[in-house]
Amino acid sequence: MSGALLTTHGLQAFYGDAQALFGIDFTLAAGELVAIIGANGAGKSTFLKSLTGLVRAPREAIRFRGEPIGGLPPGEIVRRGLALVPEGRRLFPSLSVEENLLMGATAGRPGPWNLQRLYGLFPILAEKRRQPGTSLSGGQQQMVALGRALMSNPDVLLCDELSLGLAPVVIREIYAAMPGITAEGMTVVIVEQDVTMARQVSRRVYCFQEGRVSLEGLSADLTRERIAQAYFGIEAAHA
Ligand code: ATP
């Protein structure tokens with residue numbers, strides 16, 4: 001696809017001898033919000049980790065702005081404009097909310113996101129800015145993790161299971177911030193187990209199954225049946 005911001009071609013990934021990704025072809029256009037869905041162990045987190053240098057990838061298998069970036073060190077990938085909100089939030093326990101947020105700014109990329117802007121997006125974080133990050137509720141910690149990634153002013157924000165372990169009302173609150181994030185043209189990839197939420201917020205969906213893409217299409221075009229089949233596999237869908 002011409003004009004693609006980020007692509008992978010035949011991306012494979014391994015943990016030792018165990019193969020986790022079996023040739024992922026993926027395209028992301030600037031300004032898109034794309035969701036990746038799939039069952040536990042389908043390879044969604046591994047895919048995001050490969051994009052951000054946390055899992056080894058062949059140089060040519062990942063291209064960002066046309067340049068091969070596979071296997072570059074994670075810090076270099078952040079400096080080029082990809083930021084990950086990791087699964088499980090992973091805040092620095094000894095740091096305050098504000099210090100956690102500032103850690104995201106160390107890449108030194110210019111852009112619209114700064115503390116003031118973030119506190120506008122999530123006012124509760126301004127109130128709690130001097131508290132230890134890990135003393136906050138799960139939803140508030142997720143806001144800090146999201147904010148920390150935004151502080152690097154990425155071109156592409158990669159979010160791994162924002163809704164993990166959160167109550168539905170809190171999940172809605174987190175996703176309510178998405179329009180404020182994409183409004184300025186931020187390109188976003190979300191990995192999401194909540195399929196309804198994934199379809200609601202995204203333009204396109206990829207479904208992963210056992211390390212492969214089992215379905216890809218416009219969110220509005222995909223029926224529940226096609227998604228169920230791609231998500232669980234043919235046998236399960238017919239069971
Ligand atoms: P989840 O929703 O559970 O996070 P996922 O779709 O993100 O699932 P991955 O975490 O990417 O899936 O896992 C893909 C495969 O790689 C699984 O078979 C998993 O057991 C394996 N795997 C993941 N992390 C490791 C690791 N650190 N060491 C060995 N195998 C791993």
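**A guided reading: Asn153, the ligand shell and helices H1 and H6**

Leaving out residues up to four places away in sequence, Asn153 touches Arg109, Pro110, Gly111, Pro112 and Trp113. The model in which these contacts appear is a predicted one. Asn153 itself is found in the loop that runs between helix H6 (138-150) and strand E7 (156-160). Its relative accessibility is 6%, and because buried means under 20%, Asn153 counts as buried. The side chain of Asn153 also has a polar partner: one of its polar atoms lies 2.8 Å from the backbone nitrogen of Trp113. The backbone of Asn153 deserves attention as well. Most residues other than glycine have a negative phi. Asn153, although not a glycine, has a positive phi of about 50 degrees.

Helix H6 comes before this loop. With 13 residues at 1.5 Å a residue, H6 should span 18 Å, and its end C-alpha atoms are indeed 18 Å apart, so expectation and model agree. The helix is mostly covered, with 12 of its 13 residues buried. Among them are Gly139, Met143, Val144, Leu146 and Leu150, together with Gln140, Gln141, Gln142 and Arg148.

On the other side of strand E7, the loop between E7 and helix H7 (168-175) holds Glu161. Like Asn153, which has a positive phi of about 50 degrees, Glu161 is not a glycine and has a positive phi of about 50 degrees. At 5% relative accessibility, Glu161 counts as buried. Glu161 also leads the reader to the ligand, since a polar atom of its side chain lies 2.9 Å from a ligand oxygen atom. The protein covers 59% of the 630 Å² of accessible area that the ligand has on its own.

Other residues also approach the ligand through polar atoms. A polar backbone atom of Gly41 is 2.7 Å from an oxygen atom of the ligand. In the case of Tyr15, a polar atom of the side chain lies 3.5 Å from a ligand nitrogen atom. There are 13 residues around the ligand, of which Gly41, Gly43, Lys44, Ser45 and Thr46 come nearest. By character, the shell consists of four nonpolar, six polar and three charged residues.

Which helix gives the most to the shell around the ligand? Helix H1 (residues 44-51) does, with three residues. H1 is mostly covered, as seven of its eight residues are buried. These buried residues are Lys44, Ser45, Thr46, Phe47, Leu48, Ser50 and Leu51. After H1 comes Gly53, which has a positive phi near 85 degrees.

Within H1, Ser50 offers a closer view of how the helix is surrounded. Ser50 has a relative accessibility of 1% and therefore counts as buried. Apart from its neighbours within four places in sequence, Ser50 is in contact with Leu11, Ala13, Leu21, Val55, Ala57 and Ile62. Pro112, one of the residues that Asn153 touches, is 62 residues from Ser50 in sequence, and the C-alpha atoms of Ser50 and Pro112 are 27 Å apart in space.

Conventions
Residues numbered from 1 in each chain as written. Predicted model: local features only at pLDDT ≥ 70, side-chain atom pairs only at ≥ 80, totals over all residues. Heavy atoms only, no water. Near = heavy atom within 4 Å. Polar contact = N/O pair within 3.5 Å; in protein donor to acceptor, adjacent residues only side chain to side chain. Areas by Shrake-Rupley, 256 points an atom, 1.4 Å probe, with all protein chains shown as cover. Helix = DSSP H or I, 4+ residues; strand = E, 2+ residues; numbered from the N terminus. Nonpolar A, V, L, I, M, F, W, Y, C, P; charged D, E, K, R; others polar. Buried < 20%, exposed > 50% of the residue type's maximum accessible area, 1.4 Å probe, protein only. Contact = heavy atoms within 4.5 Å. Expected span 1.5 Å × (residues − 1).
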